[in-house]
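Work through the exercises below with the structure in view. Each has a task and then a solution in steps.

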Amino acid sequence: MYYTKEMKDSMQRVASTREFRMTQELPLLDPVQKVDLLESYHPDFIEDVFRKLKVGPSKGTLTPKEFADLFEAKSVLDPEGFDLSTVDYDVDVLVVGGGGAGAAAALMAQEQGAGVLLVTKLRFGDANTIMAQGGIQGADKENDSPSTHYLDVFGGGRYFNDPDLVEALVKDAPEVLAWLEKLGVMFDKDSDGTMVSIHGGGTSRRRMHAARDYTGGEIMKTLRDEAKNRGIDVVEFSPVYELITDGETVTGAVLYNMETYDFLVVRAKTVILATGGAGRLHVAGFPTTNHYGATADGLVLGYRAGVPLEFMDTIQYHPTGAAYPEQLLGQLVTEKVRGLGGQLVNTDGNRFIYELETRDVEAAAIIRECSERKKGITTPSGYCAVWLDTLVIEEKHGAGTIKERLPAMYRQYQRFDIDMAKEPILVYPTQHYQNGGLKIRPDGETTIKNLYAAGEVAGGIHGRNRLMGNSLLDVVVFGRRAGIAAAERAATLKTPGKLTLDHLKRFHAELAEVGAADNRVAPMLLPEYRRPETIEKKLPVLP
Amino acid sequence: MAEQMATIYVMGKAYEVPSDLTIMKAMEYAGYRFLRGCGCRGAFCGACGTVYRTQDDYRLKVGLACQEMVQDDMYLSEIPFFPGNKANYDVEDLKPKAEAVLAHYPEVYRCLACNTCTKACPQDIEVMEYIQAALRGDIAKAADLSFDCLMCGLCAARCPAEIVQYNVALLCRRLYSRHIAPEAKHLEARVKEVRDGKFDKEIASLKAMDQREIAKLYDARDIEPGD
């Protein structure tokens, strides 16, 4: 790989301090230092990133501008004239989203005897779940307990979490791991069956379970396979474009077939939004680790229908996004690298933060190193970054550890002729996770009857900062819970609901009143990565 | 410094693109907006398997569009979907033997050991080796060797025996994990403890605490040493 002279010189300094760093103990920050660091450097505390919402159930709350643009946008559907009289699908439970939460929900809903339809914008499995590398938490060891897990989650979330949701998360965790084990997820285990578990940022026990560093991939492939085996109906490339209500409760959804450009009507007794996250909005211009379809669609749908949002003013920036080579910009360097002993090092070769602080603190420390302290390394394309010294891992655990326990990472860098067992890598924070989302109860139901939400689209579980390994856990825990609850509710509803877009009429009227919408429409569905020159020349001939 | 440009042929059509882009970003530069053929953009989902050839070379090469750099005179096509056979089974009822694989995917018998699948793998997996392991009933080896599979489908697209390797691999991993790998006994024990309500009181008391109390507890918690 090509390195500038500045980079090469700095790499030498990193090498020369390695021996010292191997035994160097850095303390955890005390609570005051932590708050000070966050408030000075974390993007959540930069005023200009946010604005107050002008409409909807969370009117007046601070939201990143990129989200607000979508929440204050119209639907392309005209609620007065849109024809809902032809029902294309009639189901008990409609699951919207084909990631981990959607798959878990569909499996559990079907197990309760419900007729299930799963619809998804891209392919079944195209989701942030499949990209999750590092692991899944669960307090299953002797020296650990769900209460200890609770405390870690709560402190990590800066004490803002919804206690009932945290309780559900930590108490279901062992059962969720057992369920996945039984379905045949290939967890890392010792020869006696003991799950291999390591630390993640902010864990007080080694509670991170993994399937090498394809943990989410292995879980997603297994759940998807099981859904196919059990004959669950799946419609791909057909996102929900709008929910259908009877004015108050949810009764179905309008699908948009992205390949034939037509709309379809689903009548459903209950609907589960499992549409995932929003990294592709690129809040404050950050790159992202998220998949192509992470555009906040479910948040928009739920919000218009009347579900309040929680903690939308907090975004998780993963501290270690790839910063070089540029082709990898923003992609995840799993926290497991630090869990295994990888060290964050500045241009002088010095560590500047204990590596297993929570993600918000780590991100803020890296930003401080690159901004105020000017101790970052500049890449050829002008980005600032710090080193993640991966060689420490091989020194600590033996040669070959990286290839063995971080195969995805190793391959990722090999593709660009970087051997991370022999060279440190460059990292900078990247938009990773939306800590907030639609408000839910522990069974997954939102404040709108018969509408459920699970996974990243839901908020409250992680407070203002999520810990590593609690997202994979969250999607399965709340996916399962929503699936069960939505199926049970559906069984009690005998007559099909009335299909209207009355909620949209109300929302459009509210927009008109405050003059908020301009010409924007939402949901976004796909991000735009074509050049402005191309878009300017585009003619509206074919869709 | 003027940008270095390359000519690429997307399904036969020429575009000038900067030469330091991946295939995916180069196609977006050229004006494509992906619907299919683009998923995670980070080599985890297998949506963007690509077949390409360079000028003066008859050989077909493979890569993931999100990872592979463009080259001058590159002729490429994404294969965003492959209609491979997927058997239905209940992993619970199966035994981790060759018979389980062959009953659901009898075409595995037809493997010619030509190694075309291995050459077609953008993840550099020893695909033929794991198919042969599955055929011998070495399910553990098949599971281990296939672990990094993204299910992009390029192997199956090239296989003269019409084996759908990635589905065989997933079956093997599920068989191995369910029936060969030893069970996590500590997990089973913990699930029972949770069901019996062992932690309910502790959690209820944590839930009842105000922020100051719980913060005090959090800041004082002992941290297990790392590995």
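The model is predicted.

**Exercise 1. Two domains of chain B**

Task: State how many residue pairs are in polar contact between domain 1 of chain B and domain 2 of chain B, and describe what makes up their interface.

Solution.

Step 1. Start with the count: between domain 1 of chain B and domain 2 of chain B there are zero residue pairs in polar contact, with both residues required to be at pLDDT 80 or more.

Step 2. Find the strands involved. On the side of domain 1 of chain B that touches domain 2 of chain B, strand S3 (49–54) and strand S4 (61–64) of chain B supply at least two residues each.

Step 3. Sort that side of domain 1 of chain B by class: seven residues are nonpolar, four are polar and none is charged.

Step 4. Look for salt bridges across the interface of domain 1 of chain B and domain 2 of chain B; the count is zero. A salt bridge needs a side-chain nitrogen of Lys or Arg within 4 Å of a carboxyl oxygen of Asp or Glu, so a side of domain 1 of chain B with no charged residues has nothing to offer for one.

Step 5. Take the area. About 690 Å² is buried between domain 1 of chain B and domain 2 of chain B, and 74% of it lies on carbon and sulfur atoms. Of the area that domain 1 of chain B buries against domain 2 of chain B, 54% comes from Gly46(B), Val62(B) and Leu64(B), more than from any other three residues.

Step 6. Place the domains. The assignment for chain B puts domain 1 at 5–78, domain 2 at 91–180 and domain 3 at 185–219. The contact involves 11 residues of domain 1 of chain B and 10 residues of domain 2 of chain B. Between the C-alpha centres of domain 1 and domain 2 of chain B the distance is 28 Å.

**Exercise 2. Chain A against chain B**

Task: Determine how many salt bridges lie between chain A and chain B, and which helix of chain A gives the most residues to the side that touches chain B.

Solution.

Step 1. Count the residues in contact: 94 in chain A and 74 in chain B.

Step 2. Read the area. Chain A and chain B bury about 7600 Å² between them, with 53% from carbon and sulfur atoms.

Step 3. Count the salt bridges between chain A and chain B: there are 15. One example is Glu259(A) with Arg36(B), where the closest N and O atoms are 2.5 Å apart.

Step 4. Add the polar contacts: 45 residue pairs cross the interface of chain A and chain B, both residues at pLDDT 80 or more.

Step 5. Locate the helices. Several helices of chain A supply at least two residues each to the side that touches chain B, including H2 (31–41), H7 (163–183) and H14 (407–414). H7(A) gives the most, with 12 residues.

Step 6. Sort the side of chain A that touches chain B by class: 33 residues are nonpolar, 25 are polar and 36 are charged.

**Exercise 3. Strand pairing**

Task: Give the strand order of the open three-stranded sheet in chain A, then describe the hairpin of S1(B) and S2(B).

Solution.

Step 1. The order in chain A is S5-S7-S6, with antiparallel pairing. The edge strands are S5 (136–137) and S6 (197–198) of chain A, each of which pairs on one side only.

Step 2. S6(A) is joined to S7 (208–209) of chain A by two bridges. Opposite Ile198(A) stands Met208(A) in S7(A).

Step 3. In chain B, six bridges join S1 (5–10) and S2 (13–18), which run antiparallel. Ala6(B) faces Val17(B) in S2(B).

Step 4. Two residues lie between the strands of this hairpin, and Met11(B) there has a positive phi near 50°.

**Exercise 4. Unusual backbone geometry in chain A**

Task: Where are Pro325(A), Pro523(A) and Tyr159(A) placed, and what backbone geometry goes with each?

Solution.

Step 1. Recall the background: most residues other than glycine have a negative phi, and most peptide bonds are trans.

Step 2. Tyr324(A) and Pro325(A) are joined by a cis peptide bond with omega about -5°. Pro325(A) lies in the loop between strand S13 (315–322) and helix H10 (336–339) of chain A.

Step 3. The bond from Ala522(A) to Pro523(A) is also cis, with omega near 0°. Pro523(A) is in the loop between H16 and H17 of chain A.

Step 4. Tyr159(A) has a positive phi near 65°, and its place is the loop between H6 and H7 of chain A.

Note on methods:
Residues are numbered from 1 along each chain as its sequence is written. Chains are lettered from A and ligands numbered from 1 in the order in which they are written. This is a predicted model: local features need pLDDT of at least 70, side-chain atom pairs count only at pLDDT 80 or more; totals for chains, interfaces and linings use all residues. Side-chain values use heavy atoms; hydrogens and water are left out. Two strands pair if DSSP finds at least two bridges between them. Helices (H or I, at least four residues) and strands (E, at least two) are DSSP runs, numbered from the N terminus. Domain bounds come from an automatic or database domain assignment. Contact means heavy atoms within 4.5 Å. Buried area is the accessible area (1.4 Å probe) that two parts lose on being put together, summed over both. A polar contact is a pair of N or O atoms within 3.5 Å; within protein, one must be able to donate a hydrogen and the other to accept it, and residues adjacent in sequence count only if both atoms are side-chain atoms. Ala, Val, Leu, Ile, Met, Phe, Trp, Tyr, Cys and Pro count as nonpolar, Asp, Glu, Lys and Arg as charged, and the others, Gly among them, as polar.
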